[in-house]
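Got your viewer open and a selection box handy? Here is a short walk through one model, stop by stop.

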Amino acid sequence: MTVATTTTMTFSQAIREALAEELERDETVFLMGQDIGAFGGVFGVTAGLHERFGDRRIVDTPISETLMVGGGVGAAITGLRPVVELQFADFIGVAMDEIALKAAKWRYMHGGLFEVPLVLRLPEGAVGGAGPEQSQCPEAMLWNVPGIYVVVPSSPADAKGLLKSAIRSNNPVAFFEHKALYNTRGPVPEGEHLVPLGEAAVCREGSDVTVVAWARMVGYALTAAEQLESEGIQVEVIDPRGLRPLDLDTILASVAKTGRIVFAHEAPLTGGPASEVAALVGEHALADLVAPIVRVAAPDVPLPQSSYLEKLYLPSVDDVIAAVRRTLES
């Protein structure tokens, strides 16, 4: 059996490597965004790419999300593969007309005359006092926007493999990157590394409780599972890797085994990523459940500016542990 060799890198390095490889592989790929050129992006993710690929492939834009996404849609329908970075995922609301009514709908509206191979890179999540307009995890806002894929990696390997697959997809993809993960490190397979869109990862197998988590909460769920194992509780951790396409089969198979499910995400409870998946579990696996569905999420209030209040606002490892214990007591 051949064991794939890996290289340890950060989440942001994995994204940069994916971008560089796709820029090198396909001349129709180019990047657009605010300060992504010589400055290297507000989080430094695109550092060095402008020097390597030049002005025609790494394009700095004005401060206009509508222009950026709209320009990306226009470029995509004419045969290019733009990767558009919004500085903060919160700003999808500014460009929602271009995202929901253009990128997501135009292939359908024009009878398939063209495709829209557009990727939106969307840094999300709270990282310490950035405030309510620059710290949200708004991927669930796209739940009811058919026509656009929604991808949420949680590890460097998935960040690279999913981004490369997103760039090669002929469908528009909203690619959410949690800012708190940028400096996390992990192994990434060397050579050509692609992760299929819409395929969940079973990050840890268990027999007592299923925990489905997104982004930073995947790591929290794994830490919770390790702590609970000392009590004899076996937690299965699933990372859906996004919202659309959704690998519901993997989640339902886990529920059939454990009979209990906990969801964990950083977004507020109401209307968060778990809401729709919980409904699907209720529709398709109600007979398998031996306890109520439990959700771990932020409260339904604006995310505070204070970094101290932010810590109280965000769900934690302890919250996941408490949720697992609660479902076992039911």
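At what angle do helix H8 and H9 pack, and how far apart are their axes? Bear in mind that this is a predicted model, then select residues 248–258 for H8 and 273–285 for H9. The two helices pack at about 60°, and their axes are 11 Å apart. Since angles of 65 to 115 degrees would count as roughly perpendicular, this pair is therefore classed as oblique. The crossing of H8 and H9 is right-handed.

Now show the side chains in that contact. From H8, pick Leu248, Ile251, Leu252 and Val255; they meet Val277, Leu280, Val281, His284 and Ala285 of H9. Sorted by class, this contact has eight nonpolar residues, one polar and no charged.

Keep H9 on screen and bring in the strands beneath your next clicks. H9 lies across E13 and E14, and runs at about 155° to E13. Those strands belong to an open sheet of five, in the order E9-E11-E10-E13-E14, with mixed pairing. Its edges are E9 (201–204) and E14 (294–298), each of which pairs on one side only. On average, neighbouring strands here are turned by 25° against each other, ignoring direction.

For a look inside the sheet, select 209–213 (E10) and 261–268 (E13): this pair runs in the parallel sense, over four bridges. Click Val212 and you'll find its bridge partner in E13, Phe263.

Next up is H11, residues 317–329. H11 lies across E10, E11 (235–239), E13 and E14, running at about 160° to E14.

Which helix should you add beside H11? Take H7, residues 216–229: H7 and H11 pack at about 60°, with axes 8 Å apart. These two are therefore oblique to each other as well, and their crossing is right-handed. On the H7 side, show Met217, Tyr220, Ala221, Thr223, Ala224, Gln227 and Leu228, which meet Val317, Val320, Ile321, Val324 and Arg325 of H11. That contact comprises nine nonpolar, two polar and one charged residues.

Last stop: jump back along the chain to H4, residues 96–103. Which residues of H4 are buried? Colour Glu98, Ile99, Ala100, Lys102 and Ala103 and you have them. To see what they pack against, add H3 (65–77), H5 (106–109) and strand E5 (119–124).

Conventions
Residues numbered from 1 in each chain as written. Predicted model: local features only at pLDDT ≥ 70, side-chain atom pairs only at ≥ 80, totals over all residues. Heavy atoms only, no water. Axes fitted to C-alpha atoms, helices over the stretch in contact; angles between N-to-C directions. Parallel < 35°, antiparallel > 145°, perpendicular 65-115°, else oblique. Left-handed = near helix turned anticlockwise from the far one by under 90°. Contact = heavy atoms within 4.5 Å. Nonpolar A, V, L, I, M, F, W, Y, C, P; charged D, E, K, R; others polar. Pairing = 2+ DSSP bridges. Buried < 20%, exposed > 50% of the residue type's maximum accessible area, 1.4 Å probe, protein only.
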